[in-house]
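Welcome! Take a moment to look over the sequence and the 3D picture, and then we will walk through them together.

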Amino acid sequence: MFLIVALAFSGGLLAIHYWQMDKEDKQVLARIQRQKGEKTRLEQLKQQVDNFEKQKAVLQKEFR
């Protein structure tokens, strides 16, 4: 009887632990997706800045 109770208790603890780890995994994956989106946005912004810098250099050459 004690063995059955111990196994049921252990199984319950394992199920709770699995549920918590699954929840954390989903949160981490969501954070990764958000960060990938932010990386893409920042790369586009950097490209715009680089383009403006090139335009600035061309305009400075023209007006010197």
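## Starting with Asp 22

Asp 22 has a relative accessibility of 28%, so it counts as partly exposed. That value lies between the 20% under which a residue is called buried and the 50% over which it is called exposed. Keep in mind as you read that this is a predicted model.

Which residue does Asp 22 pair with in a salt bridge? The partner is Lys 26, and the closest N and O atoms of the pair are 3.4 Å apart. Asp 22 and Lys 26 are four residues apart in helix α1, which means that about one helical turn separates them. Lys 26 counts as exposed, because its relative accessibility is 53%.

## The overall shape

Now step back and look at the whole chain. It has one helix and zero strands. Its radius of gyration is 28 Å, well over the 11 Å that the globule rule gives for 64 residues, so the chain is more spread out than a compact globule. The dimensions of the C-alpha trace add to this picture: along its principal axes the trace spans about 95 × 10 × 5 Å.

How much of the chain is buried? Of its 64 residues, 0% count as buried. The chain exposes about 6,400 Å² of surface, and carbon and sulfur atoms supply 64% of that area.

## Charges and more salt bridges

The chain carries 12 positive and 8 negative side chains. If you find the centre of each set, the two centres lie 3 Å apart. Side chains of opposite charge can pair when their charged atoms come close. The structure holds four salt bridges, and one of them is the Asp 22 and Lys 26 pair you have already met.

Another salt bridge joins Glu 38 and Arg 41, with an N to O distance of 2.9 Å. These two residues are three apart in helix α1, so Glu 38 and Arg 41 are separated by about one helical turn. Glu 38 is partly exposed at 34% relative accessibility, and Arg 41 is partly exposed at 43%.

Glu 43 and Lys 39 also form a salt bridge, and their closest N and O atoms are 3.8 Å apart. Here the spacing is four residues in helix α1, and again that puts about one helical turn between Glu 43 and Lys 39. Glu 43 counts as partly exposed, with a relative accessible area of 45%, whereas Lys 39 counts as exposed at 51%.

## Nonpolar side chains on the surface

Which residues make the nonpolar surface patch of about 320 Å²? Phe 9, Leu 13 and Ile 16 make it. Phe 9 is part of helix α1, which runs over residues 2-62. Because its relative accessible area is 55%, Phe 9 is exposed.

Phe 52 is also found in helix α1. Is Phe 52 buried or exposed? With a relative accessible area of 53%, Phe 52 is exposed.

## Toward the end of the chain

Let us finish with a distance you can trace yourself. Start at Phe 52 and follow the chain to Arg 64, which is 12 residues away in sequence. In space, Phe 52 and Arg 64 are 18 Å apart, C-alpha to C-alpha.

Notes: Residues numbered from 1 in each chain as written. Predicted model: local features only at pLDDT ≥ 70, side-chain atom pairs only at ≥ 80, totals over all residues. Heavy atoms only, no water. Patch = residues over 30% accessible without salt bridge, like charges linked within 9 Å, V, L, I, M, F, W, Y side chains within 5 Å. Areas by Shrake-Rupley, 256 points an atom, 1.4 Å probe, with all protein chains shown as cover. Buried < 20%, exposed > 50% of the residue type's maximum accessible area, 1.4 Å probe, protein only. Rg over C-alpha atoms; globule rule 2.2 N^0.38 Å. Lys, Arg positive; Asp, Glu negative; His and termini not counted. Charge placed at Lys NZ, Arg CZ, Asp CG, Glu CD.
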